[in-house]
Amino acid sequence: MTITVRFAPSPTGYIHIGNTRIALFNWLFALKNNGQFILRFDDTDTVRSKTEYADATIADLDWLGIEPARIEYQSKRIPVYDAAAERLKAAGVLYPCYETSEELERKRKLRLARRLPPIYGRDALKLTAADREKLEAEGRQPHWRFLLPNFKDDPFAIERTEVHWNDLVRDRETVDLASLSDPVLVREDGTYLYTFTSVVDDIDMEISHIIRGNDHITNSGVQIAIIEALGAKVPDLGHINLLTTASGEGISKRTGALSIGSLRRDGYEPMAVASLAVLIGTSENVTAVPDMATLADIFDPAATSKSASKFDPAELDALNRALIHAMPYAQAKDRLAALGIEGERAEEFWLAVRGNLSRISDAAGWWKIIKDGPATDEQLADEDRDFVRTAFDLLPREPWSRETWKLWTDAVKIQSGRKGKPLFMPLRIALTGLSSGPELADLLPLLGREGTLARRP
Ligand SMILES: Nc1ncnc2c1ncn2[C@@H]1O[C@H](COP(=O)(O)OP(=O)(O)OP(=O)(O)O)[C@@H](O)[C@H]1O
């Protein structure tokens with residue numbers, strides 16, 4: 001079987017870490033199974049959907065390393081939905097309703113008062129052709145509901161009807177259709193709802209596995225009924241737990257919080273974001289995975305927990321540092337060049353400083369310290385000034401290597417009687433203007449004898 005998956009966001013805002021978890025689950029599933037990944041924009045809501053958001057989503061996915069085999073826009077596929085809607089109408093399972101929202105609300109209250117479930121009572125099914133003509137003559141346009149199957153001859157009886165599937169993540173899953181209203185699939189203005197367009201596209205695009213957030217579980221029950229009414233095979237389904245903020249709040253595109261764009265601008269590495277977005281809330285250890293192929297090997301949708309998981313940016317910081325600390329120069333090269341860090345010593349510089357960086361952009365500060373002189377954060381204490389001056393007189397001759405620092409400080413130790421922090425810290429401050437940073441053994445060859453002497457207080 002060809003594996004085809006899709007990520008189907010609505011372009012109504014910038015995708016966030018929660019959406020990204022779903023995009024990545026689909027992408028890794030495709031990678032692992034030699035399948036294809038379709039990006040499909042659910043942009044039928046023409047008021048809220050914006051091209052700018054769709055373009056930003058493509059760019060965000062690209063930054064993460066997700067390259068869709070196809071990009072589809074539902075707004076360009078209306079004739080496909082028209083044809084499928086006609087088929088459901090012809091089969092008698094898509095029926096016109098004329099109630100206004102006020103009328104529906106009144107009926108809902110009446111049902112509650114009668115201790116009936118507050119769902120749509122299917123009154124429209126009782127309308128005759130003459131009733132409908134009359135309503136339309138009054139200027140009412142119908143919206144169309146899908147008749148959920150109730151396996152009884154009497155369509156007015158709402159019997160207990162359960163839909164089951166074996167979820168990739170949650171094992172046996174059940175939705176009781178009797179507790180749901182017949183869903184509206186076509187609005188009064190003829191536009192289609194997501195519940196419908198998504199099913200039609202999943203069939204048309206031969207989606208083999210639908211992997212999405214567990215906010216869609218009820219939808220899935222309804223959609224299975226629609227897929228069956230259209231005579232198609234139900235894809236395998238997997239519902240992934242949702243991510244919340246560190247304080248437990250929901251994440252929505254509407255707020256813009258934890259958007260991929262903002263994480264990228266904050267200097268996080270794509271694989272730090274991907275590692276956390278995929279491994280959080282699973283039984284796997286959360287580690288910084290250096291590339292997608294390795295993440296695909298580790299990835300196991302069945303290991304996902306059923307309850308929501310908190311996305312903590314502090315964890316992202318730790319993963320980001322771990323990736324940078326181990327990052328080869330070749331991988332950082334272009335971004336370092338964009339910071340002005342290039343030339344024959346750039347690689348040596350990178351290897352010296354990467355262990356101290358939280359972001360690649362932090363390298364610029366160290367490059368400046370090496371090129372232009374110490375930072376001004378820390379000043380030498382008066383009592384250390386003479387000690388440092390004398391120490392500089394003991395600097396070894398060139399050529400300089402990683403051993404130079406030890407040679408130098410051994411000599412300084414003998415001459416001054418100082419050791420440990422009282423010996424090293426004043427030298428570090430004189431050389432860098434900071435009280436912490438990369439190994440001085442690595443910095444000395446970069447500074448060279450002349451550059452080091454220039455820092456003599
Ligand atoms: N917090 C979340 N955690 C995990 N998955 C999520 C989260 N929010 C949405 N998703 C999933 O992202 C995919 C794209 O959904 P959609 O575009 O509707 O996103 P949304 O953020 O829920 O949208 P909106 O905020 O506009 O309502 C869906 O599979 C959905 O289940």
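A residue counts as near the ligand if its C-beta atom, placed from the backbone, lies within 6 Å of it. The legends below describe a predicted model.

**Figure 1. The shell around the ligand.** By that cut-off, 18 residues surround the ligand. The closest are Pro9, Gly18, Arg212, Gly213 and Ser252. Two elements, α1 (17–32) and β9 (209–213), each give two or more residues to this shell. The most come from α1, which supplies 4 residues. By class, the shell holds 5 nonpolar, 8 polar and 5 charged residues.

**Figure 2. The annotated segment 9–19.** An unreviewed UniProt entry annotates residues 9–19 as a short sequence motif, the 'HIGH' region. Helix makes up 27% of this stretch, and strand 0%. The C-alpha atoms at the ends of the stretch are 8 Å apart. Pro9 and Gly18 are among the residues closest to the ligand.

**Figure 3. Helix α1 against helix α9.** Helix α9 spans residues 270–279. Its axis and that of α1 are 9 Å apart, and the two helices pack at an angle of about 85 degrees. An angle of 65 to 115 degrees counts as roughly perpendicular, so α1 is roughly perpendicular to α9. On the α1 side, the contact uses Ile17, Thr20, Arg21, Leu24, Phe25 and Leu28. On the α9 side, Ala274, Ala277 and Val278 meet them. The contact residues divide into 7 nonpolar, 1 polar and 1 charged. Helix α1 also gives 4 residues to the shell around the ligand.

**Figure 4. Helix α3 crossing helix α6.** Helix α3 covers residues 78–90, and helix α6 covers residues 194–204. Their axes come within 10 Å and cross at roughly 100 degrees. The two helices are therefore roughly perpendicular to each other. From α3, the contact takes Val80, Tyr81 and Ala84. From α6, it takes Phe196, Thr197, Val200 and Asp204. By class, this contact has 5 nonpolar, 1 polar and 1 charged residues.

**Figure 5. Backbone geometry at Asn34.** Asn34 sits in the loop between α1 and β2 (36–41). Its phi is near 55 degrees. That is a positive value in a residue other than glycine.

**Figure 6. The cis peptide bond at Pro399.** Glu398 and Pro399 are joined by a cis peptide bond. Omega is about 5 degrees. Pro399 is found in the loop that runs between α15 (382–393) and α16 (404–416).

**Figure 7. Domains of the model.** The protein is divided into three parts: domain 1 (82–170 + 173–179), domain 2 (329–372) and domain 3 (382–453). The C-alpha centres of domain 1 and domain 3 lie 81 Å apart.

Terms used: Residues are numbered from 1 along each chain as its sequence is written. This is a predicted model: local features need pLDDT of at least 70, side-chain atom pairs count only at pLDDT 80 or more; totals for chains, interfaces and linings use all residues. Domain bounds come from an automatic or database domain assignment. Ala, Val, Leu, Ile, Met, Phe, Trp, Tyr, Cys and Pro count as nonpolar, Asp, Glu, Lys and Arg as charged, and the others, Gly among them, as polar. UniProt positions are given in the numbering used here, feature names are shortened, and annotations may be inferred rather than shown by experiment. Axes are lines fitted to C-alpha atoms, for helices over the stretch in contact, and angles run from 0 to 180 degrees between N-to-C directions. Angles under 35 degrees count as roughly parallel, over 145 as roughly antiparallel, 65 to 115 as roughly perpendicular and the rest as oblique. Two residues are in contact if their C-beta atoms, placed from the backbone, lie within 7 Å.
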